[in-house]
Amino acid sequence: MRPLPLIIVLLVLDHVAFNGSRIAVSLFAIQQHSSALTVGSLIALYALLPALLSVAAGRWIDRIGINRPMLVGSIGICLGTLAPAVLPQLAALYITAVLVGVSFMLINLAAYHAVGEMSRPADRTINFSYVAMGFSTSAFVGPMLTGVCIDNLGYRSTFLVLALFTVLPIIALSAKLLPNAAPRAAQDRGVNGQVFDLLKNPALRRLFFAMAVLTVGWDVYNFAIPVYGTYIGLSASQIGIVMGAFAAATFTVRLAMPLIMQRMHPWGLLSASLLMAGLAYLAMPFTHSVGLLMVITFVLGLGLGAPQPMVLTLLHQFAPRGRAGEVLGLRTTLINTSQTVMPLLFGAVGATFGMPPLFWAMSAALLGSCEFARRAGKRRPWWQFISAACQFADNTCECVDPAARLYGAI
């Protein structure tokens with residue numbers, strides 16, 4: 001099997017277990033009469049250790065390649081999803097959140113690093129789109145499968161089913177079916193530097209800022225939909241279907257990414273994405289029906305799902321030589337710091353004021369960032385961006401230079 005399809009298959013299987021566990025943990029905590037703040041703390045724990053360890057993990061992957069980190073991560077997800085099946089208590093959910101969160105961080109970093117290193121510069125956005133479609137597939141399957149299993153089998157059996165999705169990745173990685181792609185070359189191993197030196201690059205700074213806003217939008221979605229769905233009386237299966245509509249939207253927009261990238265420059269795409277997501281959050285508190293909530297979450301999925309492949313491509317292109325894993329680790333650190341802090345904040349806001357103010361605050365942040373993205377996209381004439389994009393597509397220069405010119409519109 002070729003490396004890219006195998007990476008995507010392994011990612012999909014592990015991500016079903018990861019994503020399903022987050023839904024099951026949230027709903028099981030609610031079923032145990034936990035408060036919104038408790039649910040928020042559980043979701044935050046999925047990101048706590050990744051926030052602290054991602055840069056170190058990225059450097060490790062730069063040194064040794066991807067096989068061992070992905071194997072360790074798959075085993076960790078298996079053990080984490082088994083914990084509530086063995087001990088169906090609230091305490092086990094904390095073990096699951098910590099273990100599954102740090103384990104999937106290893107898998108995610110290693111896979112993105114491998115795809116970036118295996119791809120030609122002109123192919124990276126397309127290949128990252130394929131990976132993103134894999135994530136969209138698992139994000140669609142995970143919540144729906146989890147909801148159906150909870151309603152029909154109960155929580156313990158649901159966690160067992162999720163653990164089964166890690167078996168094939170463990171077997172494949174133990175057998176070393178995946179090539180150990182792109183460990184750092186010996187001459188590059190001394191090129192470390194301070195991690196925050198990476199932020200001296202203006203293009204990387206702007207990318208990280210844009211990514212931060214989108215990350216908070218994802219965080220609100222992951223936390224708030226199970227809580228809001230329970231609040232308006234939806235069953236676990238109905239909540240899974242609503243979240244499946246979000247995943248279907250991310251899959252659709254990523255499937256169309258090659259066509260979209262021909263017609264829109266990066267900041268134009270980001271501005272449109274932020275606008276759609278902001279309007280979706282603005283409308284969400286006004287609906288109490290499954291059908292309308294599915295439509296709104298579909299629009300939200302279009303907005304939040306579109307920019308990721310482009311952001312990943314440019315992050316990889318701008319990474320200093322031998323530090324691609326570290327740059328991805330810093331990205332993961334920033335994302336997981338948000339995912340650690342924000343659910344606690346969201347839980348406190350939801351417990352105090354209810355869910356509508358949370359949705360409206362997120363809408364205001366996204367719409368404000370939409371205006372920032374719109375202005376950023378006007379810094380250089382559109383024909384200069386098209387010229388740079390054509391040069392990038394033709395791959396006529398050194399690896400990092402086309403990306404620098406491509407990003408010159410920012």
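Biologist: How many of the 29 residues of α1 are buried?

Modeller: This is a predicted model, where local features need pLDDT of at least 70 and side-chain atom pairs count only at pLDDT 80 or more, while totals for chains, interfaces and linings use all residues. Residues are numbered from 1 along each chain as its sequence is written, and side-chain values use heavy atoms, leaving out hydrogens and water. Helices are DSSP runs of H or I, at least four residues, numbered from the N terminus, and buried means under 20% relative accessible area (1.4 Å probe, protein chains only). Helix α1 is largely enclosed by the rest of the structure, because the buried count is 23 of 29.

Biologist: How far apart are the end C-alpha atoms of helix α1?

Modeller: Helix α1 covers residues 3-31. The expected span is 1.5 Å times one less than the number of residues. For α1 that should give 42 Å, and the end C-alpha atoms agree, at 42 Å.

Biologist: Is R331 buried or exposed?

Modeller: R331 sits in helix α14, residues 324-353. Its relative accessibility is 7%, so R331 counts as buried.

Biologist: Which residues does R331 touch, not counting those up to four places away in sequence?

Modeller: Contact here means heavy atoms within 4.5 Å. One partner is L312, 19 residues apart from R331 along the chain, with the two C-alpha atoms separated by 9.4 Å. The full set is Y112, F208, M211, Q308, L312 and L315.

Biologist: Where is W360 found, and what is its relative accessible area?

Modeller: W360 belongs to helix α15. W360 is partly exposed (between 20% and 50%), with a relative accessible area of 36%.

Conventions. Helix = DSSP H or I, 4+ residues; strand = E, 2+ residues; numbered from the N terminus.
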